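Have a look at the fold below before reading on. The notes that follow go from the whole chain to its sheet, and then to a single serine.

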Amino acid sequence: MALVKKLKCVLCGKEFDPESDTFTCTDCGPDGTLDVLYDYGEIKGKFTPKTLFQRKEKSISRYIDLLPISDPSFFQT
Ligand SMILES: [Zn+2]
């Protein structure tokens, strides 16, 4: 999540804090899905093929830094 800068509604452009755990726009409803906007400067330095390879997880949880999810336990069953 640290690499996610903000969330932006695809219909009206309203922006949301990625920590808000909001997945659709509060004004547009279910049609207002949110694009994830990344901090590409941070990604370039921190998320590389090498760092990805070094992670032990073999599931989608290895991409947690790129997902708009604040709680890593989301992936645990
Ligand atoms: Zn909207």
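A residue is called buried here if 20 or more other C-beta atoms lie within 10 Å of its own. Keep in mind that this is a predicted model. By that yardstick, 8% of the 77 residues of the chain count as buried.

**The chain as a whole**

What does the chain contain in the way of helices and strands? There are two helices and four strands, and reading along the sequence gives the pattern β-β-β-β-α-α. The strands, in other words, come before the helices. Put a box around the C-alpha atoms along the principal axes and you get roughly 40 × 35 × 15 Å. As for contacts, take those between residues at least 6 apart in sequence: 44% of them join residues at least 24 apart.

**The sheet**

In which order do the four strands sit in the sheet? The order is β2-β1-β4-β3, in an open sheet with antiparallel pairing. That leaves β2 (15–16) and β3 as the edge strands, each pairing on one side only. In general, strands of a sheet pair through backbone hydrogen bonds, either parallel or antiparallel.

Two of the pairings can be set side by side, both involving β4:

| Strands paired | Sense | Bridges |
|---|---|---|
| β1 (residues 4–9) and β4 (residues 29–38) | antiparallel | five bridges |
| β3 (residues 24–25) and β4 | antiparallel | two bridges |

To find the β1–β4 pairing on screen, go to Leu7, which stands opposite Val36 in β4. For the β3–β4 pairing, pick Cys25, which stands opposite Gly29 in β4. β3 and β4 also make a hairpin, with three residues between them. While you are looking at side chains here, a general point is handy: in a regular strand they alternate between the two faces of the sheet.

**A serine after the helices**

Now move on to Ser73, which is found in the segment after α2 (49–54). Is Ser73 buried or exposed? Ser73 counts as exposed, because it has 7 C-beta neighbours inside 10 Å, and the cut-off for exposed is 12 or fewer. Ser61 makes a useful reference point for Ser73: the two serines are 12 residues apart along the chain, and their C-alpha atoms are separated by 9.4 Å.

Conventions: Residues numbered from 1 in each chain as written. Predicted model: local features only at pLDDT ≥ 70, side-chain atom pairs only at ≥ 80, totals over all residues. Contact = placed C-beta atoms within 7 Å. Pairing = 2+ DSSP bridges.
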